[in-house]
Amino acid sequence: GVLGMAELLDSTTLNESQKEYVDAIKLSGEALLSVINDVLDYSKIESGKMELENSPFEISNCIKETFDILRYKALEKGNQLIVKIDERLPAKISGDKARLRQILVNLVGNAIKFTDKGTINVEAVPLKITDREIEIRFAVKDTGIGMTREQINRLFQTFTQADISTYGKYGGSGLGLAISQRLATMMHGNIWVESEPGNGSTFYF
């Protein structure tokens, strides 16, 4: 309701100051909604109430939807979004498209957040293909600020960001990576990161 009314207000004739105020309302509302969704998702996972769907979908479409969601933020930071899907992957797989997209949105969103005027690459490579099962390794690579070993060790803790002084200023609930880790585990996978300060980060899952 708050976001909807802010959108309606934004479509009216506003002076420059009023436009700034409305934009602040929308940004704050979206940030609050993101935190609420993270807390609800984490609560579902912890209580064992979250169930994964299993239906056919296209990996390329899932990544495209991720980019569509985050394209505006990437443009604001001057970032380029690039995708590379291994040709050995089948056109369609069965799984939970929404939860896979949620992991990608978390990781690509973080990459955009910590990268200025750089590139974010998303890659999908098959590690194992059988008649009944496929194991895919996704990689989200950025050219951002990177992390130290100490920061990496804190990443997947709930309500924790890598570093208060450096990462805290970028906002967020600190739940996104913890949720992504648990979703990857529910899909019989895992998640890890390789990074160096000043040389960007690559998240694999």
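## Two stacked ring pairs

A residue counts as buried when its relative accessible area is under 20%. By that yardstick Phe138 is buried, because its relative accessible area is just 5%. Keep in mind that what you're looking at is a predicted model.

Phe138 is a handy place to start, since its ring takes part in an aromatic pair. The structure holds 2 aromatic pairs. In one of them, the ring centres of Phe138 and Phe205 sit 4.9 Å apart and the planes are at 10 degrees, so this pair is stacked. Phe138 belongs to strand S5 (residues 134-142), while Phe205 is in the segment after S7, so the pair links distant parts of the chain, 67 residues apart. Phe205 is buried too, with a relative accessible area of 10%.

Trp192 and Tyr204 also form an aromatic pair, again a stacked one, with 5.3 Å centre to centre and 20 degrees between the planes. Trp192 is in strand S6 (residues 192-195) and Tyr204 is in strand S7, so this pair ties together parts that are 12 residues apart in sequence. How exposed or buried are these two partners, Trp192 and Tyr204? Trp192 is partly exposed, at a relative accessible area of 33%, whereas Tyr204 is buried, at 17%.

## Helix H6 and its packing against H4

Now for the helices. Helix H4 (residues 97-113) packs with helix H6 (residues 176-186) at an angle of about 145 degrees, and their axes are 10 Å apart. The crossing of the two is left-handed.

Which residues of H4 and H6 meet? From H4 come Arg99, Gln102, Ile103, Asn106, Leu107 and Asn110. Facing them in H6 are Gly176, Leu177, Ile179, Ser180, Leu183 and Ala184. Sorted by class, the contact of H4 with H6 has 6 nonpolar, 5 polar and 1 charged residues.

The buried residues of H6 are Gly176, Leu177, Ala178, Ile179, Ser180, Leu183 and Ala184. H4 is part of what covers these buried residues, and the cover also includes helix H2 (16-46) and strand S7 (201-204). After H6 comes His188, and its phi is positive, near 65 degrees.

## Salt bridges

There are 13 salt bridges in the structure. One of them brings H6 back into the picture: the side chains of Arg182 and Glu46 meet with N to O at 3.1 Å. Arg182 lies in helix H6 and Glu46 in helix H2, so this pair ties together parts that are 136 residues apart in sequence. Both ends are partly exposed, with relative accessibility of 23% for Arg182 and 49% for Glu46.

Asp68 and Lys64 make another salt bridge, with the closest N and O atoms 3.0 Å apart. This one stays within helix H3 (residues 59-77), where the two residues are 4 apart and so separated by about one helical turn. In general, an α-helix has 3.6 residues a turn, so residues three or four places apart point the same way. Asp68 is partly exposed at 38% relative accessible area, and Lys64 is partly exposed at 47%. Elsewhere, Glu7, Asp10, Lys19, Asp23 and Lys26 are joined into one network by salt bridges that share partners.

Within that network, the side chains of Asp10 and Lys19 meet in a salt bridge at 3.6 Å, N to O. Is Asp10 buried or exposed? Asp10 counts as buried, at 18% relative accessibility, because the cut-off is under 20%. Its partner Lys19 is partly exposed, with a relative accessible area of 34%.

## Glu65 and its contacts

Helix H3 has one more residue to look at, Glu65. Glu65 is partly exposed, with a relative accessible area of 23%. What does Glu65 contact, leaving aside its neighbours within four places in sequence? The answer is Lys97 and Arg101. Glu65 and Arg101 are 36 residues apart along the chain, and their C-alpha atoms are separated by 7.7 Å.

Note on methods: Residues are numbered from 1 along each chain as its sequence is written. This is a predicted model: local features need pLDDT of at least 70, side-chain atom pairs count only at pLDDT 80 or more; totals for chains, interfaces and linings use all residues. Side-chain values use heavy atoms; hydrogens and water are left out. Axes are lines fitted to C-alpha atoms, for helices over the stretch in contact, and angles run from 0 to 180 degrees between N-to-C directions. A crossing is left-handed if the near helix is turned anticlockwise from the far one by less than a right angle, and right-handed if clockwise. Contact means heavy atoms within 4.5 Å. Ala, Val, Leu, Ile, Met, Phe, Trp, Tyr, Cys and Pro count as nonpolar, Asp, Glu, Lys and Arg as charged, and the others, Gly among them, as polar. Buried means under 20% relative accessible area, exposed over 50%, partly exposed in between (1.4 Å probe, protein chains only). A salt bridge is a side-chain nitrogen of Lys or Arg within 4 Å of a carboxyl oxygen of Asp or Glu. Rings of Phe, Tyr and Trp (its six-membered ring) pair if their centres lie within 6.5 Å; planes under 30 degrees apart count as stacked, over 60 as edge-to-face and the rest as tilted.
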